[in-house]
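Hi there,

Here is the structure I promised to pass on to you. Please open it alongside this email and follow along as you read.

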Amino acid sequence: MDTTGLRERKKQRTRWALTDAALDLFLAKGYEATTIDEIVAAVDVSQRTFFRYFAGKEDVALSILREYDQVFLATLNDRPGDEPPITALAAAIHHVLGSVRSADEEHTDRFAKIRDLVERSPALAVAQLRYFSEMEQQLAAILARRMDVDVATDLRPTLIAATFLTVIRIGFDGCARDGLFQPDEVATRIEEVFAVAAETLPHAWSAG
């Protein structure tokens with residue numbers, strides 16, 4: 001018997017159970033009004049168990065989105081070194097959006113709940129913006145390595161990173177405005193906005 005595999009599957013089930021309970025409570029009661037005690041009671045585990053998996057309420061609410069972000073950064077880092085930044089960014093974001101689309105029904109439901117929750121909760125919206133700032137630094141560092149420049153003295157990696165994340169944010173804002181939270185809808189909108197940006201931005205500086 002593969003006891004290591006069994007332990008990992010049990011840990012993953014506990015993680016998903018805590019995530020699902022938290023999302024349901026956040027949407028029913030409000031993010032700010034929900035306590036960690038209520039989350040662990042819904043799953044019948046201890047606070048100690050909760051903190052083995054998550055740093056707090058913000059972490060359990062946004063962990064899935066942040067996992068996708070880390071997949072994006074890893075994919076970008078692994079792209080061929082001779083690709084132009086826009087080509088590598090497009091390939092990496094398409095890979096992540098493909099993963100979002102191909103997720104199973106339970107994960108699809110979680111993604112939709114999280115996107116809905118972020119739009120409902122000012123605290124989580126602020127947390128997401130703060131995380132975007134951290135993400136910008138990580139993305140700029142990867143782009144600088146790919147471009148073989150020093151991010152401390154060359155502004156281009158940071159400008160590209162900031163512009164890319166602004167495009168993604170605009171896509172998410174448009175989804176929220178139109179009430180689109182399902183992964184396939186979100187992925188399609190993000191791709192549409194990214195395509196417009198890729199076509200428009202190279203010419204924007206010279207526009208009359």
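Below is what turned up, going from one helix to the empty spaces and then to a single residue.

Before you start, please keep in mind that this is a predicted model.

**Helix 6**

Let's begin with helix 6, which covers residues 105-120. How far apart should the ends of its 16 residues be? At 1.5 Å a residue, the expected span is 22 Å, and the end C-alpha atoms are 23 Å apart, so the two values agree. At the N-terminal end of helix 6 you will find Asp 104 acting as a cap. One of its side-chain oxygens lies 3.2 Å from the backbone nitrogen of Glu 106.

Many side chains are worth clicking on here. The buried residues of helix 6 include His 107, Phe 111, Ile 114 and Leu 117. Charged names appear in that buried list too, among them Arg 110, Arg 115 and Asp 116.

**The cavity**

Next, the empty space. Rolling a probe the size of a water molecule over the atoms shows where empty space is left. In this structure there is 1 cavity of 30 Å³ or more, and the largest cavity holds about 290 Å³ of space. Which residues come closest to its centre? They are Tyr 68, Asp 69, Ile 93, Ile 168 and Phe 172, out of 19 that line the cavity. By class, that lining has 16 nonpolar, 1 polar and 2 charged residues. Helix 4 (57-78), helix 5 (85-102), helix 6, helix 7 (122-147), helix 8 (156-177) and helix 9 (183-204) each supply at least two residues of the lining.

**The second largest pocket**

There is also a pocket to look at. The second largest pocket has about 170 Å³ of space. Helix 6, helix 7 and helix 8 each give two or more residues to its lining, and helix 7 provides the largest share, with 4 residues. Among the lining residues are Arg 115, Gln 128, Phe 132 and Asp 173. Here the classes divide into 5 nonpolar, 1 polar and 4 charged. Phe 172 lines this pocket, and Phe 172 is also one of the residues closest to the centre of the largest cavity.

**Arg 66**

Last, have a look at Arg 66 in helix 4. Is Arg 66 buried or exposed? Its relative accessibility is 17%, and buried means under 20%, so Arg 66 counts as buried. Apart from neighbours within four places in sequence, Arg 66 is in contact with Glu 58, Ala 127 and Tyr 131.

Enjoy exploring, and write back with any questions!

Best wishes

Notes: Residues numbered from 1 in each chain as written. Predicted model: local features only at pLDDT ≥ 70, side-chain atom pairs only at ≥ 80, totals over all residues. Heavy atoms only, no water. Expected span 1.5 Å × (residues − 1). Buried < 20%, exposed > 50% of the residue type's maximum accessible area, 1.4 Å probe, protein only. Polar contact = N/O pair within 3.5 Å; in protein donor to acceptor, adjacent residues only side chain to side chain. 1 Å grid on protein atoms, 1.4 Å probe; cavity = no way out; pocket = protein on both sides within 12 Å on 5 of 7 lines; lining within 4 Å. Points joined across faces, edges and corners; volume = space filled by probe spheres on them. Contact = heavy atoms within 4.5 Å.
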